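Reader: I would like to learn how to read the features of a model like this one. Please take me through them one at a time.

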Amino acid sequence: DGTVCAAHSNQQRDGKGTGIKASDAMVASLCSKCHHELDNGKDLSKDERREIWELAHRLTIKHFIEHDMLVVK
């Protein structure tokens with residue numbers, strides 16, 4: 001839909017806690033509809049949500065590196 005949101009990880013291992021967002025390093029670029037579905041939707045299991053977010057995170061980091069938006073030293 002043309003939107004891009006930084007969807008933070010919802011995993012405790014990534015720093016997520018009650019009232020605490022995960023680090024900004026742990027984001028996936030998603031449209032607002034997909035971000036909402038991962039955070040609040042009822043159509044996906046917890047495992048499906050995690051798998052989708054992890055794939056999106058890997059693709060986001062790959063995109064950032066390949067487009068010189070993130071430089072690894």
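Author: Let us begin with one residue. Ile52 counts as partly exposed, at 38% relative accessibility. Keep in mind that this is a predicted model.

Reader: Where is Ile52 found?

Author: Ile52 sits in helix α2.

Reader: Which residues is Ile52 in contact with, leaving aside its neighbours within four places in sequence?

Author: Ile52 is in contact with Leu38 and Leu44. A separate reading is the C-alpha distance. Ile52 and Ala28 are 24 residues apart in sequence, and their C-alpha atoms are 9.7 Å apart in space.

Reader: Now the salt bridges. How many does the count come to?

Author: The count comes to three salt bridges. The rule looks for a Lys or Arg side-chain nitrogen within 4 Å of a carboxyl oxygen of Asp or Glu. One of them pairs Glu54 with Arg13, with the closest N and O atoms 2.1 Å apart.

Reader: Which parts does the pair of Glu54 and Arg13 tie together?

Author: Glu54 lies in helix α2, while Arg13 is in the loop between β1 and β2 (27-30), so the pair links parts that are 41 residues apart in sequence.

Reader: Is Arg13 buried or exposed?

Author: Arg13 is exposed, with a relative accessible area of 59%.

Reader: What about Arg50 and Asp47?

Author: They form a salt bridge, and the closest N and O atoms are 3.0 Å apart. Arg50 and Asp47 both lie in helix α2. Their spacing is three residues, about one turn of the helix. Arg50 is partly exposed, at 27% relative accessibility. Asp47 is partly exposed too, at 44%.

Reader: How many residues apart are Lys62 and Glu66?

Author: Four residues, about one turn of the helix, and both lie in helix α2. Lys62 forms a salt bridge with Glu66, the closest N and O atoms being 3.0 Å apart. The partners fall into separate exposure classes: Lys62 is partly exposed at 45% relative accessibility, and Glu66 is exposed at 52%. The cut-off for exposed is over 50%.

Reader: Next, cysteines. How many disulfides does a search of the whole structure find?

Author: First the general idea. A disulfide is a covalent bond between the sulfur atoms of two cysteines. Here the search finds zero.

Reader: Why is Cys5 in no such bond?

Author: The closest cysteine sulfur to that of Cys5 is in Cys31, at 7.3 Å, which is too far for a bond. Cys31 is in no disulfide, with the nearest cysteine sulfur, that of Cys34, 3.5 Å away. The cut-off is 2.5 Å. As for exposure, Cys5 is partly exposed, with a relative accessible area of 21%.

Reader: Let us turn to pockets. How much space lies in the largest pocket?

Author: About 150 Å³. Three elements give two or more residues to its lining: β1 (5-8), α1 and α2 (46-66).

Reader: Which element gives the most to the lining of the largest pocket?

Author: Helix α2 does, with four residues. The lining includes Lys46, Arg49, Arg50 and Trp53. Also among the lining residues are Ala7, His8, His35 and Leu38. By class, the lining has three nonpolar, five polar and four charged residues.

Reader: Is His35 buried or exposed?

Author: His35 is buried, with a relative accessible area of 17%. The cut-off for buried is under 20%. His35 belongs to helix α1. Not counting residues up to four places away in sequence, His35 touches Cys5, Ala6, Ala7 and Leu30.

Reader: And His36, where does it lie?

Author: His36 is in helix α1 (residues 32-40). His36 is partly exposed, with a relative accessible area of 46%. His36 and Ala56 are 20 residues apart in sequence and 14 Å apart in space, C-alpha to C-alpha.

Reader: Last, the backbone. What is the phi of Asp68?

Author: The general idea comes first. Most residues other than glycine have a negative phi. Asp68 has a positive phi of about 55°, although it is not a glycine. Asp68 lies in the segment after α2. Asp68 is also exposed, with a relative accessible area of 66%.

Technical notes
Residues numbered from 1 in each chain as written. Predicted model: local features only at pLDDT ≥ 70, side-chain atom pairs only at ≥ 80, totals over all residues. Heavy atoms only, no water. Buried < 20%, exposed > 50% of the residue type's maximum accessible area, 1.4 Å probe, protein only. 1 Å grid on protein atoms, 1.4 Å probe; cavity = no way out; pocket = protein on both sides within 12 Å on 5 of 7 lines; lining within 4 Å. Points joined across faces, edges and corners; volume = space filled by probe spheres on them. Nonpolar A, V, L, I, M, F, W, Y, C, P; charged D, E, K, R; others polar. Contact = heavy atoms within 4.5 Å.
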